[in-house]
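Please open the structure in your viewer and keep the selection tool at hand. The tour below moves from one selection to the next and states what may be found at each stop.

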Amino acid sequence: MTASNLRVDAERNRERLVSAARAVFAAQGLDVATEEIARQAGVGVATLYRRFPDRADLVAAAFEVKMSAYAEAARAALADPDPWNAFCSYVEQICAMQAGDRGFTTVLTMTFPTAKQFEADRDAAYAAFSTLVDRAKAAGRLRTDFVAEDMPMFLMANAGVLAATSDAAPETWRRMVGYILQACAAESARPLPEPPAPRQMYRAMLRATENQRGHRPPR
């Protein structure tokens with residue numbers, strides 16, 4: 001086999017592994033065994049480790065498209081001239097992404113230092129969401145005490161509803177998100193307790209996703 005053929009074969013195996021990982025992570029979460037991903041891809045475990053020696057690199061590759069869509073959703077929302085509709089549409093879309101992919105919330109709590117574009121998309125999405133929040137508040141539509149850390153709280157609440165209802169009543173999450181958005185409206189706002197600090201919310205979200213994955217998180 002020529003060097004050119006070897007490169008083509010290696011790239012084909014990589015594409016198979018990323019595709020398999022994307023499907024398996026979405027259906028089962030991030031703790032699926034490496035052997036299962038290799039089996040779904042139709043390659044040996046040794047091939048998987050040659051292409052992705054670090055499991056985090058495989059996770060980042062599998063979710064690269066989803067993270068790009070996450071950032072694009074925020075950019076698209078900013079193009080909406082109605083600040084309140086933009087905010088609501090974005091929250092609904094992110095919760096829908098979560099409903100369609102069990103691994104999505106967990107990935108949002110992880111960092112991938114070697115995946116530069118992945119991290120850039122995450123940062124862009126956060127910056128755009130902050131702008132959406134500021135615009136909706138300035139328009140007098142979003143309650144003034146809303147903070148960016150409320151979004152991870154929404155995702156944790158949505159994850160709980162999804163886990164409890166996905167088999168018997170899979171569309172229940174939409175109603176829960178509707179209630180949340182009504183509670184965000186300035187005209188229906190009542191005073192809220194003080195929000196957690198950003199670091200506290202990050203740790204809480206990390207703990208929640210670890211619990212869903214069946215691990216006891218570090219104290």
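## First stop: F104

Select F104, which is buried, with a relative accessible area of 1%. The model on the screen is a predicted one. F104 has its place in helix α7. Now display its surroundings: apart from neighbours within four places in sequence, F104 is in contact with F63, K66, Y70, I94, M97 and Q98. Next, add M205 to the selection. F104 and M205 are separated by 101 residues in sequence, yet their C-alpha atoms are 12 Å apart in space.

## The whole chain

Zoom out and show the protein as a cartoon. How many helices and how many strands does the protein have? There are 11 helices and 0 strands. The C-alpha trace spans about 70 × 35 × 35 Å along its principal axes. Of the 219 residues in the protein, 42% are buried. Among contacts with a separation of 6 or more, 70% join residues that are 24 or more positions apart.

## The annotated regions

Select residues 11-70. The UniProt record, an unreviewed entry, places the feature "domain: HTH tetR-type" here. This stretch is 80% helix and 0% strand, and its end C-alpha atoms are 26 Å apart.

Narrow the selection to residues 33-52, which the unreviewed UniProt entry annotates as "DNA-binding region". In this span, 75% is helix and 0% is strand, with 14 Å between the end C-alpha atoms.

## Helix α8

Select residues 116-138, which form helix α8. This helix has 23 residues and reaches 33 Å from its first C-alpha to its last, close to the 33 Å expected at 1.5 Å a residue. Colour its buried residues, among them F118, R122, A125, F129, L132 and A136. As a general rule, an α-helix has 3.6 residues a turn, so residues three or four places apart point the same way.

What covers the buried residues of α8? The cover includes α4 (55-62), α5 (64-78), α6 (83-99), α7 (104-108) and α9 (150-165). Before leaving, select G140, just after α8, which takes a positive phi of about 80°.

## The nonpolar core

In soluble globular proteins, nonpolar side chains tend to be buried together. Here the largest nonpolar core has 62 residues, of which F25, Y70, F87, Y90 and I94 touch the most other members. Helix α6 provides the largest share of this core, 9 residues.

Select Y90 and show what surrounds it. Leaving aside neighbours within four places in sequence, Y90 is in contact with Y70, A73, A74, A77, A125, F129 and L132. Two of the core residues named above, Y70 and I94, also appear among the contacts of F104.

## The largest pocket

Finally, turn on the surface and look for the largest pocket, which has a volume of about 520 Å³. Its lining consists of 20 residues. Which residues lie nearest its centre? They are Y70, L108, Y126, P152 and Y202. Helices α8, α9 and α11 (198-212) each supply at least two residues of the lining, and α8 gives the most, with 5 residues.

To end the tour, keep Y70 selected. This residue is in contact with F104 and with Y90, and it is one of the residues nearest the centre of the largest pocket.

How values were computed
Residues numbered from 1 in each chain as written. Heavy atoms only, no water. Helix = DSSP H or I, 4+ residues; strand = E, 2+ residues; numbered from the N terminus. Expected span 1.5 Å × (residues − 1). Buried < 20%, exposed > 50% of the residue type's maximum accessible area, 1.4 Å probe, protein only. Contact = heavy atoms within 4.5 Å. UniProt positions renumbered as here; feature names shortened; annotations may be inferred. Core = buried A, V, L, I, M, F, W, Y, C linked by side-chain atoms within 4.5 Å. 1 Å grid on protein atoms, 1.4 Å probe; cavity = no way out; pocket = protein on both sides within 12 Å on 5 of 7 lines; lining within 4 Å. Points joined across faces, edges and corners; volume = space filled by probe spheres on them.
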